[in-house]
Amino acid sequence: MTTRQTLTALRRAIALAAVMIMAVAVQAKAELHLDITTGNVQPLPIAVTQFYGEAVGAQIANVVEADLERSGLFRPLDHRAFIQTPDQLANGLPRYGDWKVINAQALVSGTASVQPDGRLKVEFRLFDVLAQQQLTGLAYFTQPDGWRRIAHIIADAIYKRITGEDGYFDTRIVYIAESGPATARQKRLAIMDQDGENNLYLTDGRVLVLTPRFSPTAQEITYLSYFNNRPRVYIFNVDTGRQEVLGDFPGMTFAPRFSPDGNKVIMSLAQNGNTDIYLLDLRTRRQTRLTDNPAIDTAPSFSPDGSKITFESDRGGSQQIYTMNADGTNVQRITFGAGKYGTPVWSPRGDLIAFTRINGGRFSIGVIRPDGSGERELSTGYLVEGPTWAPNGRVLMYFKEKPTGEGGRQRQVRLYSIDLTGRNERQMLTPTDASDPAWSPLIP
Amino acid sequence: MRMNYLSLCAALALVAACSSTPEKKAEVATGGTATTTTTPPAAKPTGPVPGSKEDFVVNVGDRVFFGYDKFDLTPEATATLDKQAAWLKKYGQVTITIEGHADERGTREYNLALGERRANAVKNYLTATGVDLARVQVISYGKERPAVLGSNEAAWAQNRRGVTVIN
């Protein structure tokens, strides 16, 4: 935390100093930098040219451009305004004047070529147009069908070089695909790339499944399944398709999440009308009870360093958010606003907890600091629920459900993302209705 | 100009088709009965067979309702459960599953816990009146199986329910 903050402060100082020097000297070494820690960011005008060579080069550039645009931090420029062509860029230096005149501050060029061994080689370069220098350049080799992932990796490299923060484009979303009438909803586990591509169903819908969450390696998903009419927490291995019930509990287990090291799953056990929080060690299979209270204690989520847990409880009379140490001690209530608070999820950066709030008949998604200060609302609606964090802690995804049809008797449920400014809300494209999203870490 | 070279092997791990999924049984059999019980079946000269599921639903009443975020039994609820208990004593061989449900105005996981509370409130009442514990199972569906569709209190009130299902 402190190292990162110092680094950000340093970058900001460099950017400021560079602007001042540039005013007197043309030869300035200005570093193109977008500070996304402030509340109001002007999107950076960027020219993403088609990658020269193979036809897939144009598709790669489109995916890079779409990733950057969706972040709300970049404003890709219209290709029709481009003067210098992709082949000229591939065979020489940028003519910076050609890009400055269309107000581009950053320029991305690249090439895509097939190697003798059949692999695809993709190169890209990122230029600072005003400082007239290359900021970064990388090359990747992949099987031809891996081009889409390479595009996301390039978008992450651009995002990181310009903002100083890790990107989140080479990631996947696991979610619940919904279909059928609301009284007999069919729900399937589904997985897709962060931009909605490569959608795949992991279960066939015969069994009700809910609340999937990724392991830290994105190889496994823990979720709730009603298999055999016994609602229990399961683990699904994404590579093998194997499913396994977790633990041997005498009642319904639900609300699972992995610990940050991936060695444990924290979840709720409901038994005889009482719900408490338990920890299951995946190696020893040992179960540890963490709360012992007649109230509903559920929706637990670890802090990224594993030392603390946030959860919801109605022990104070209504559903509110609490924190406690990882061993169950030192319970502190952190929400005190009007209404109810639930679904707390600790940010991967550790600085915020995202939540769902129900107040005055409205649902909203918000964030709050772990000490209970700085509460902010980001999105609101008829039913907005279940935030999940992008791995860099700058973007959230959740689902929004609204009544449709005659008398509001049907439902439309869709996934949305929003950045922490609350100004860039985007609907995700999914083939069917969708809920319960969970964002993967960056794919290893 | 710096160029880093990174080799990336076959990108996307292919997800195996779900051949090994344990999902072989059909969807919960109780989902259908919940929606069909609000309207009585067409009148037949004979009526439901005594001791049958239909007999229980039509002549006893299979469900009780709860207040918003509540799991205590109302006088109407206990009156219905008294009738259920009498019927269950008469037909001592049947086993039951008590479903706990919530309306859509809560979060998913909280509602799963709330549904479990409601199902247990029904179970505790029935067993206290003498129904053998071994005959009773509970399951919570949270807000996953509404009985009635609608975006108003009248609809939500019918969804906050405990349903006694004859197995």
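## The second largest pocket

In this predicted model, the lining of the second largest pocket breaks down by class into 14 nonpolar, 7 polar and 2 charged residues. The pocket encloses about 580 Å³ of space. Its lining comes to 23 residues, and those closest to the centre are Phe214(A), Phe258(A), Trp346(A), Pro348(A) and Trp439(A).

Where does the lining come from? Several strands of chain A pitch in with at least two residues each: β10 (209-214), β14 (252-258), β18 (297-302), β22 (340-346), β26 and β30 (433-439).

## Chain A as a whole

Stepping back, chain A has 444 residues, and 58% of them are buried. Its secondary structure adds up to 5 helices and 30 strands. Take the contacts in chain A between residues at least 6 apart in sequence, and 43% of those link residues at least 24 apart.

As for the outside, chain A exposes about 17,600 Å², with carbon and sulfur atoms supplying 49% of that area.

## Thr323(A) and its neighbours

Thr323(A) sits in strand β20 of chain A, which covers residues 320-325. Is this threonine buried or exposed? It counts as buried, because its relative accessibility is just 4%, and the cut-off for buried is under 20%.

Leaving out residues up to four places away in sequence, Thr323(A) still touches quite a list. On it are Lys308(A), Ile309(A), Thr310(A) and Phe311(A), then Asn330(A), Val331(A), Gln332(A) and Ile334(A), and finally Trp346(A), Ile353(A) and Pro370(A). Trp346(A) is a name to recognise here: it is also one of the residues closest to the centre of the second largest pocket.

## Salt bridges

Over all chains, the structure holds 37 salt bridges. One of them pairs Arg394(A) with Glu165(A), with the closest N and O atoms 2.9 Å apart. Arg394(A) lies in the loop between β26 (383-389) and β27 (395-404), while Glu165(A) is in the loop between α5 and β7 (172-179), so this bridge ties together parts of chain A that are 229 residues apart in sequence. Both partners are tucked away: Arg394(A) is buried at a relative accessible area of 13%, and Glu165(A) is buried at 3%.

Lys121(A) and Glu123(A) make another salt bridge, their closest N and O atoms being 3.2 Å apart. Lys121(A) is buried, with a relative accessible area of 17%, and Glu123(A) is buried too, at 14%. Asp78(A) and Arg80(A) also meet through their side chains, at 2.7 Å from N to O. Here the surroundings read otherwise: Asp78(A) is partly exposed at 39% relative accessibility, and Arg80(A) is exposed at 76%.

There's also a network of salt bridges that takes in residues of chains A and B. From chain A come Glu178(A), Arg185(A), Lys187(A), Arg414(A), Asp433(A) and Asp436(A), and from chain B come Arg108(B) and Glu144(B).

## A proline in a loop

Pro144(A) belongs to the loop of chain A that runs between β6 (133-142) and α5 (147-163). How much of this proline shows? At 45% relative accessibility, Pro144(A) counts as partly exposed.

Beyond its neighbours within four places in sequence, Pro144(A) is in contact with Gly118(A) and Leu120(A). Val114(A), 30 residues away from Pro144(A) in sequence, has its C-alpha 8.2 Å from that of the proline.

How values were computed
Residues are numbered from 1 along each chain as its sequence is written. Chains are lettered from A and ligands numbered from 1 in the order in which they are written. This is a predicted model: local features need pLDDT of at least 70, side-chain atom pairs count only at pLDDT 80 or more; totals for chains, interfaces and linings use all residues. Side-chain values use heavy atoms; hydrogens and water are left out. Helices (H or I, at least four residues) and strands (E, at least two) are DSSP runs, numbered from the N terminus. Buried means under 20% relative accessible area, exposed over 50%, partly exposed in between (1.4 Å probe, protein chains only). Contact means heavy atoms within 4.5 Å. Accessible areas come from the Shrake-Rupley method with a 1.4 Å probe; for residues, only the protein chains shown count as cover. A salt bridge is a side-chain nitrogen of Lys or Arg within 4 Å of a carboxyl oxygen of Asp or Glu. On a 1 Å grid over the protein atoms alone, a cavity is a set of points where a 1.4 Å probe fits but cannot get out, and a pocket is an open set with protein on both sides within 12 Å along at least five of seven lines; lining residues have an atom within 4 Å of a point. Grid points are joined across faces, edges and corners, and a volume is the space filled by probe spheres set on the points. Ala, Val, Leu, Ile, Met, Phe, Trp, Tyr, Cys and Pro count as nonpolar, Asp, Glu, Lys and Arg as charged, and the others, Gly among them, as polar.
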